Amino acid sequence: MRSLEVFKRHLREKRAVKIISGINNYDLTSVASVCRAAQIGLASAVDVACSEEVIKTAKENTKLPVFVSSTQPFNLKKAVKWGADALEVGNFDALYEQGVNFGADEIYDIALETMSLTEKDNIFTCVTIPGCISIEEQIKLAKKLELLGVDLIQTEGVKPMKASKDSSAKDLITVAQATIANTMELAKHVSTPIMTASGITPQTAPLAFAAGASAVGVGSAVNKLRTQIAMAQTVRELVGTIAYKDVIKKEAKSEIYTYSM
């Protein structure tokens, strides 16, 4: 059983964890490894690129709900047909590296068109607010997205930033502080759940939840690791920093987390 209800419950409990494969990651072997690691590590959902083959691979390798990321409304509409459990307007970091930037009005227009195209599908939709715009613009955009009816708002840092497993505590906090600060500000102004992403690691995830997040989105801290075992260990460590041990044990035995791959 693949159920978005698990993710929604984790959102309500303010402990949801989405593992991001990458908006530009079309390597099916990599996608499969990330999805299996998310499953084994007891994450709440996975996030993959908008491709029929990528979505198929994800759904073959995890029972977790599959978010599909893109900045193209018509592609997101196709993703619903291809089996996406949720849509994500965003995960821009890889695009920034290509020199692509987005303003508040552009993101709102993309979100509006996406929700118009998928209105009859009644699909869960998340929108990322660019971290490169001012906090005033972020707040204004968040309020407009809330009125539009998006289910989840994702934050990000000022620019693509990287943290390695060997980074010092100070380095890890520096990497995550921009998106956590954005989370704190947005949580004051909207009631829509907030997901904190960009530079989040097991060490900094608790700070995101303390700032008002209902979820974290974790990408490079997991998908850049070399082995599925290392990925799964990191996901489990991440989940372990925000969930009670008895909850972890209970969910480890549940149907959605236990099946042969």
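**Close-up 1. Helix H2 and the elements around its buried residues.** In helix H2, the buried residues are Val31, Ala32, Ser33, Val34, Cys35, Ala37, Ala38 and Gln39, as they appear in this predicted model. These buried residues pack against two strands, S1 (16-20) and S2 (45-49), and against three helices, namely H3 (52-61), H10 (220-223) and H11 (228-240). The N-terminal end of H2 is capped by Asp27, of which a side-chain oxygen lies 3.0 Å from the backbone nitrogen of Thr29. After the helix comes Leu42, a residue whose phi is positive, near 70°. The length of H2 can also be checked: at 1.5 Å a residue, its 13 residues (28-40) should span 18 Å, and because the C-alpha atoms at its ends are 18 Å apart, the expected and the modelled spans agree.

**Close-up 2. Strand S5 and the strands that pair with it.** Strand S5 (residues 124-128) is mostly covered, with five of its five residues buried. In a regular strand the side chains alternate between the two faces of the sheet. In S5 both faces are covered, since Phe124, Cys126 and Thr128 are buried on one side and Thr125 and Val127 are buried on the other. Strand S4 (residues 86-89) pairs with S5 in the parallel sense over four bridges, and within S5 it is Val127 that serves as the bridge partner of Val89. S5 also pairs with S6 in the parallel sense, here over three bridges, and Cys126 has Leu152 as its bridge partner in S6.

**Close-up 3. Glu156, a buried acidic residue without a salt bridge.** Glu156 is found in the loop between strand S6 (152-155) and helix H8 (169-187). Although Glu156 is buried, it has no salt bridge, and the nearest side chain of opposite charge, that of Lys18, is 10 Å away. That separation rules out a salt bridge between the two, because such a pair requires a side-chain nitrogen within 4 Å of a carboxyl oxygen. The side chain of Glu156 does, however, reach the backbone nitrogen of Gly131 at 2.8 Å.

**Close-up 4. A salt bridge within helix H1.** The structure holds eight salt bridges, and one of them joins Lys8 to Glu5, with the closest N and O atoms 3.6 Å apart. Both residues lie in helix H1 (residues 4-12), where they are three residues apart, about one turn of the helix. Lys8 is partly exposed, with a relative accessible area of 29%, and Glu5, at 46% relative accessibility, likewise counts as partly exposed.

**Close-up 5. Salt bridges between separate parts of the chain.** The side chains of Lys59 and Asp85 meet in a salt bridge, at 3.7 Å from N to O. Lys59 belongs to helix H3, while Asp85 sits in the loop between helix H4 (73-82) and S4, so the pair ties together parts that are 26 residues apart in sequence. Lys59 is partly exposed, its relative accessible area being 25%. Another salt bridge forms between Lys77 and Asp121, whose closest N and O atoms are 2.8 Å apart. This pair links distant parts of the chain, with Lys77 in helix H4 and Asp121 in the loop between helix H6 (104-117) and S5, 44 residues apart. Lys77 counts as partly exposed at 31% relative accessibility, and Asp121 is partly exposed with a relative accessible area of 31%. Elsewhere, Arg9, Glu13 and Arg15 are joined into one network by salt bridges that share partners.

Methods:
Residues numbered from 1 in each chain as written. Predicted model: local features only at pLDDT ≥ 70, side-chain atom pairs only at ≥ 80, totals over all residues. Heavy atoms only, no water. Expected span 1.5 Å × (residues − 1). Buried < 20%, exposed > 50% of the residue type's maximum accessible area, 1.4 Å probe, protein only. Contact = heavy atoms within 4.5 Å. Polar contact = N/O pair within 3.5 Å; in protein donor to acceptor, adjacent residues only side chain to side chain. Lys, Arg positive; Asp, Glu negative; His and termini not counted. Pairing = 2+ DSSP bridges.
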